[in-house]
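Student: I would like a close look at one part of this chain, taken slowly and with its surroundings described as well. Please keep to what the coordinates and the record support.

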Amino acid sequence: MAGLQTFVLYLPLILHLRWTVRVAAGAPATVTIGGIFSNRNTVEEDALRFAAKFINTRRDILPNTTLTVVTNYTEVFQTFQCMQSACFLAELGAAVIIGPRSSTAVKTVNNVCSGLHIPHIAPVATDPLLGNQRMYPYLLRMSSPDTEQSRALIALVKHFGWTRMCILTSLNDYGMNGVVEFQSVAASYNWDVVSVQQFQVNSDPSKIDVRLQLQKIKGTGVRVIILNCLAIHGMRVLEQAEKMGLTWRGWAWIVTDGFTGMAEVTAKKPIPHYLQGLVGTRPAPGRGGLLTKTE
Ligand SMILES: *[C@@H]1O[C@H](CO)[C@@H](O)[C@H](O)[C@H]1NC(C)=O
Ligand SMILES: *[C@@H]1O[C@H](CO)[C@@H](O)[C@H](O)[C@H]1NC(C)=O
């Protein structure tokens, strides 16, 4: 997602924070905003800093308060590290914690945030279960849940008149919970989800081995595959699928926002064969007036 688009996403949130701060505490001199990112120098971090700076330079928004941003970095698949990051930011006095990206990591960080009563904002996590306010009472999500995406997938499959398909997902919250709604609607249409396969992911995508699952899919004779995982993993899956002859003419691969929204996908030049002809869903970020001003 482009940095400025992310910025526009962050802005309403910080404006909301301004209101909360004013009402609750009568404008303190500084408010610390914590950000958890998977890497240094990401567009997400730039966007957060830019948003804070924007607020700080304006006289009409939070005039007597300065926002400071503190950050920490964590490997999103390292649960313990995610918790440590959240504790680290809480110790630095973060009034709110933003991030990280993935649904699983957001759940982990939220354990700390909800426990410490710190508002927690998930900019892009889409696991529908995150909407459960009883489980995640201090969580605010900025993207629509994957149940919405499932509806778009259903419309896509319907458009092409496909009635038999396989599902392949990463073995994590994003991968598995993201297609639950699709499966239930598919069942109500009497579509035949012939095989549902999962593959293990960890921090090293090069270790992903999905050949067994692909073999099973190939064995079903079904050639429509819905792949729900992040691009870093999905690229590896498709690479292996290509080698096994599952990406050539006659095969349809449908990917989701975790794939289409990632910069890696378009970074490879020339575009590898296995990425050609993919169809998928991609969220449309809001385009407020500020976007054109800052672009
Ligand atoms: C900011 O501080 C000034 C001077 O202390 C005060 O008059 C004003 O009401 C404050 N504004 C807000 C929004 O708290
Ligand atoms: C991030 O947090 C860890 C503790 O979880 C801490 O040791 C480390 O210094 C922090 N890194 C930065 C860049 O603040």
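Student: Which strands does helix 4 lie across, and at about what angle does helix 4 run to strand 4?

Tutor: The model is a predicted one, and the description that follows should be read with that in mind. Helix 4, made of residues 103-116, lies across strand 1, strand 3, strand 4 and strand 5, and its direction makes about 170° with that of strand 4.

The strands under helix 4 belong to an open sheet of five strands, whose order is 2-1-3-4-5 and whose pairing is parallel. Strand 2 (66-73) and strand 5 (139-141) are the edge strands of this sheet, each of them pairing on one side only, and from one strand to the next the twist averages 25°. At the strand 5 edge, strand 4 (residues 120-122) runs parallel to strand 5 and is joined to it by three bridges; within this pairing, Ala122 has Arg141 of strand 5 as its bridge partner.

A helix also lies across the strand 2 edge: helix 2, which spans residues 43-57, lies across strand 1 (30-37), strand 2 and strand 3 (96-98), and runs at about 170° to strand 2. Strand 1 and strand 3 thus appear in the list for helix 2 and again in the list for helix 4.

The loops that lead into these two helices each hold a backbone feature to check. Most residues other than glycine have a negative phi, and most peptide bonds are trans. In the loop between strand 3 and helix 4 lies Pro100, and the peptide bond that runs from Gly99 to Pro100 is cis, its omega being near -5°. In the loop between strand 1 and helix 2 one finds Asn41, which is not a glycine and yet has a positive phi of about 55°.

Beside these elements there is a ligand site to place. Asn72, Gln84, Ser85 and Phe88 surround ligand 2, and helix 3 (residues 79-91) gives the most to this shell, contributing three residues. Sorted by class, the shell around ligand 2 holds one nonpolar residue, three polar residues and no charged ones.

To set helix 4 in the whole chain, the domain assignment gives domain 1 as 3-143 and domain 2 as 146-280. The C-alpha centres of the two domains are 31 Å apart, and 11 residues of domain 1 make contact with 13 residues of domain 2. On the domain 1 side of that contact, the residues divide into three nonpolar, five polar and three charged. The UniProt record, an unreviewed entry, annotates residues 45-269 as "domain: Receptor ligand binding region"; over that range the chain is 44% helix and 18% strand, with 26 Å between the end C-alpha atoms.

A further open sheet, also of five strands, has the order 7-6-8-9-10 with parallel pairing, and its edge strands, strand 7 (192-199) and strand 10 (279-280), each pair on one side only. Within this sheet, strand 6 (residues 164-170) and strand 8 (residues 224-228) pair in the parallel sense over four bridges, and Ile167 has Ile226 of strand 8 as its bridge partner. Helix 8 (residues 211-220) packs on this sheet, where it touches strand 6, strand 7 and strand 8, and its direction makes about 170° with that of strand 7.

Methods:
Residues numbered from 1 in each chain as written. Chains lettered and ligands numbered in written order. Predicted model: local features only at pLDDT ≥ 70, side-chain atom pairs only at ≥ 80, totals over all residues. Pairing = 2+ DSSP bridges. Axes fitted to C-alpha atoms, helices over the stretch in contact; angles between N-to-C directions. Contact = placed C-beta atoms within 7 Å. Domains from an automatic or database assignment. Nonpolar A, V, L, I, M, F, W, Y, C, P; charged D, E, K, R; others polar. Near = placed C-beta within 6 Å. UniProt positions renumbered as here; feature names shortened; annotations may be inferred.
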